[in-house]
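Work through the exercises below with the structure open beside you. Try each task before you read its solution.

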Protein chains: 2
Amino acid sequence: MKELTSVSVPTVRRLPLYMAILKEIEPASEHVSSTLIADRLGLEQIQVRKDLAGIGVTGQPAVGFNVRELIGAIEQLRGWDTMRDAILVGTGNLGQALLGYDGFARYGLNIVAAFDANPEIIGMKIHGKPVFDIEVLSSLTERMHIQIGVLAVPGKVAQTVADTLIQAGIHAIWNFTPVKLNVDNNVIVEQVDLAASLAVLSSKLKAVNK
Amino acid sequence: MKELTSVSVPTVRRLPLYMAILKEIEPASEHVSSTLIADRLGLEQIQVRKDLAGIGVTGQPAVGFNVRELIGAIEQLRGWDTMRDAILVGTGNLGQALLGYDGFARYGLNIVAAFDANPEIIGMKIHGKPVFDIEVLSSLTERMHIQIGVLAVPGKVAQTVADTLIQAGIHAIWNFTPVKLNVDNNVIVEQVDLAASLAVLSSKLKAVNK
DNA sequence: ATAATATTGTGATATATGTCGCATTAAATA
DNA sequence: TATTTAATGCGACATATATCACAATATTAT
């Protein structure tokens, strides 16, 4: 496994797909071909091979790639090998859903606590996670060295809460609000843009319907 | 507004962002410049102009674009002008969150009903939407000419439920499960891939941390 | 032992997306 | 009225991503 310079964003986005397949295959087989992965995902094998080359793994001609080596490489690249603690802000419908989604653990994200401004919810537990007053966010996150904040608040307060998060030492925001956040460029923002996704769906549907 | 051949996916994904800004501006001003839109979104003005050119709108040099014309063009392109009915399958945490999310209406999506297999939930209402037995899905959707299915079931049953949806006449699936669906290529699938999004966040964070 | 097959890796090419430079236009200003 | 300014539009260019063609390699079958 050689050293790697940088991996493209599209490649990074496909890694979880590969990982899911690799985990399935791992108990059954030692090697896997790019063809097999590509077929299962509806991709081109050449793309899979390029991606795997990109993360620094080499396969063996006529044999394929070593499954465990692949898993290791992806985990390492993604930081899945070191579980990351995160906090969530906003316990509305979406926030609660995210708290209850046990799939994140599989990808190394561990939501340790939630924050909200609503006094009726503060002090409760949602899906086993304690809900704190957003006022104490700063002291808590700093003490726990938490880097990731999951933002699931109403759009109107998104920017304000984001500022609070950053002041509290959060480096990375996973933004589920539709608001474009204005942040310093040393802060990482990853947008989950449902409106964009729906827009793509609509336009494809429109194209078919006529 | 001239005829247009096709709009790129990245452009389509940015349209909701533009729309949000246009709606804000509409009451206050008749025209808007690409510079202003770009600044608010942290984009390049040339990109905004190319996007707007792409959807077939022309601006006026030294003046800008007509706000109402822009709104009209985006709505028409996206099918937002005709509200689309959809059904949702799977009323777990995520499904409930989606049912309660009132933002969809703004983008022309109207979830009229939900379906689940759990007899304890069937017959109830969630956020005002009735929950039906998944067994009756077919008859209902066909009768109502519904084209869009929102898939929020557990991964294990995703493919099975997707097949059911397609048999019931659904043309487009908004897939919130992490499963790659195997469908005929006349069926549109738009994937909301949280794992991919999280992967991007992790890799950026990893790049910064070292 | 030889041939056929399945597979990787690489350099070249194609396509998609984003950006630049600059001429043109119209409003605002001097 | 002339000049400056803010804006669009277009063709060329740059970058990012995906795909192709083909040589090299190891396994399997003949």
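The exercises that follow deal with a predicted model.

**Exercise 1. Get an overview of chain A.**
State how many helices and strands chain A has, what its C-alpha trace spans and what share of its residues is buried.

Solution.
- Step 1. Count the elements. Chain A holds nine helices and nine strands.
- Step 2. Take the extent. Along the principal axes, the C-alpha trace of chain A spans about 60 × 50 × 35 Å.
- Step 3. Turn to burial. Chain A has 210 residues, and 36% of them count as buried.
- Step 4. Look at the contacts in chain A between residues at least 6 apart in sequence. Of these, 54% join residues at least 24 apart.

**Exercise 2. Examine helix α3 of chain A.**
Find which residues of α3(A) are buried and what they pack against.

Solution.
- Step 1. Locate the helix. α3 of chain A covers residues 45–54.
- Step 2. Pick out the buried residues. They are V48(A), D51(A) and L52(A).
- Step 3. Look down the axis of α3(A). The buried residues fall within an arc of 95°, so they line one face of the helix.
- Step 4. Find their partners. The buried residues of α3(A) pack against α1 (9–25), α2 (34–41), β2 (65–66) and α4 (67–78) of chain A.
- Step 5. Step just past the helix. There G56(A) takes a positive phi of about 95°.

**Exercise 3. Classify Q47(A).**
Is Q47(A) buried, partly exposed or exposed?

Solution.
- Step 1. Place the residue. Q47(A) sits in helix α3 of chain A.
- Step 2. Recall the cut-offs. Buried needs 20 or more C-beta neighbours within 10 Å, and exposed means 12 or fewer.
- Step 3. Apply them. Q47(A) has 16 C-beta neighbours inside 10 Å, so it counts as partly exposed.
- Step 4. Check a distance. Q47(A) and A117(A) are 70 residues apart along the chain, and their C-alpha atoms are separated by 46 Å.

**Exercise 4. Relate the two protein chains.**
Work out what kind of axis relates chain A to chain B, and describe their contact.

Solution.
- Step 1. Superpose the chains. A turn of 180° with a shift of 0.0 Å along the axis lays chain A on chain B, with an RMSD of 0.1 Å.
- Step 2. Name the relation. That turn and shift mean a two-fold axis.
- Step 3. Find the C-alpha of chain A nearest the axis. It belongs to A97(A), 3.2 Å away.
- Step 4. Compare the contact surfaces. The same surface serves both copies, as 96% of the contact residues of chain A recur in chain B.
- Step 5. Count the contact residues. Chain A gives 47 and chain B gives 45.
- Step 6. List the elements of chain A that give two or more residues to its side. They are α1, α4, α5 (93–100), β8 (172–175), β9 (188–191) and α9 (194–209).
- Step 7. Find the main contributor. α9(A) gives the most, with 14 residues.
- Step 8. Sort the side of chain A by class. It has 28 nonpolar, 12 polar and seven charged residues.

**Exercise 5. Map the DNA surfaces.**
Identify the residues closest to DNA strand C and those nearest to DNA strand D.

Solution.
- Step 1. Start with strand C. It is surrounded by 24 residues, and T58(A), G59(A), S8(B), P61(B) and A62(B) are the closest.
- Step 2. Add the elements that give two or more residues there. These are α2 and α3 of chain A, with α1 (9–25) and α3 (45–54) of chain B.
- Step 3. Sort this surface by class. There are 10 nonpolar, 11 polar and three charged residues.
- Step 4. Move to strand D. Of the 24 residues around it, S8(A), A62(A), S33(B), T58(B) and G59(B) come nearest.
- Step 5. Add its elements with two or more residues. They are α1 and α3 of chain A, with α2 (34–41) and α3 of chain B.

**Exercise 6. Trace the sheet of chain B.**
Give the strand order of the seven-stranded open sheet, then follow some of its pairings.

Solution.
- Step 1. Read the order. In chain B it is β5-β6-β4-β3-β7-β8-β9, with mixed pairing.
- Step 2. Mark the edges. β5 (125–126) and β9 (188–191) of chain B each pair on one side only.
- Step 3. Pair β3(B) with β4(B). They run parallel and share six bridges. V89(B) has F115(B) as its bridge partner.
- Step 4. Pair β4(B) with β6(B). They also run parallel, with three bridges. Here F115(B) stands opposite F132(B).
- Step 5. Pair β5(B) with β6(B). They run antiparallel, with two bridges. In their hairpin, H127(B) takes a positive phi near 50°.

Key
Residues numbered from 1 in each chain as written. Chains lettered and ligands numbered in written order. Predicted model: local features only at pLDDT ≥ 70, side-chain atom pairs only at ≥ 80, totals over all residues. Helix = DSSP H or I, 4+ residues; strand = E, 2+ residues; numbered from the N terminus. Arc of directions from axis to C-beta. Contact = placed C-beta atoms within 7 Å. Nonpolar A, V, L, I, M, F, W, Y, C, P; charged D, E, K, R; others polar. Near = placed C-beta within 6 Å. Least-squares fit on C-alpha atoms with pLDDT ≥ 70 in both. Pairing = 2+ DSSP bridges.
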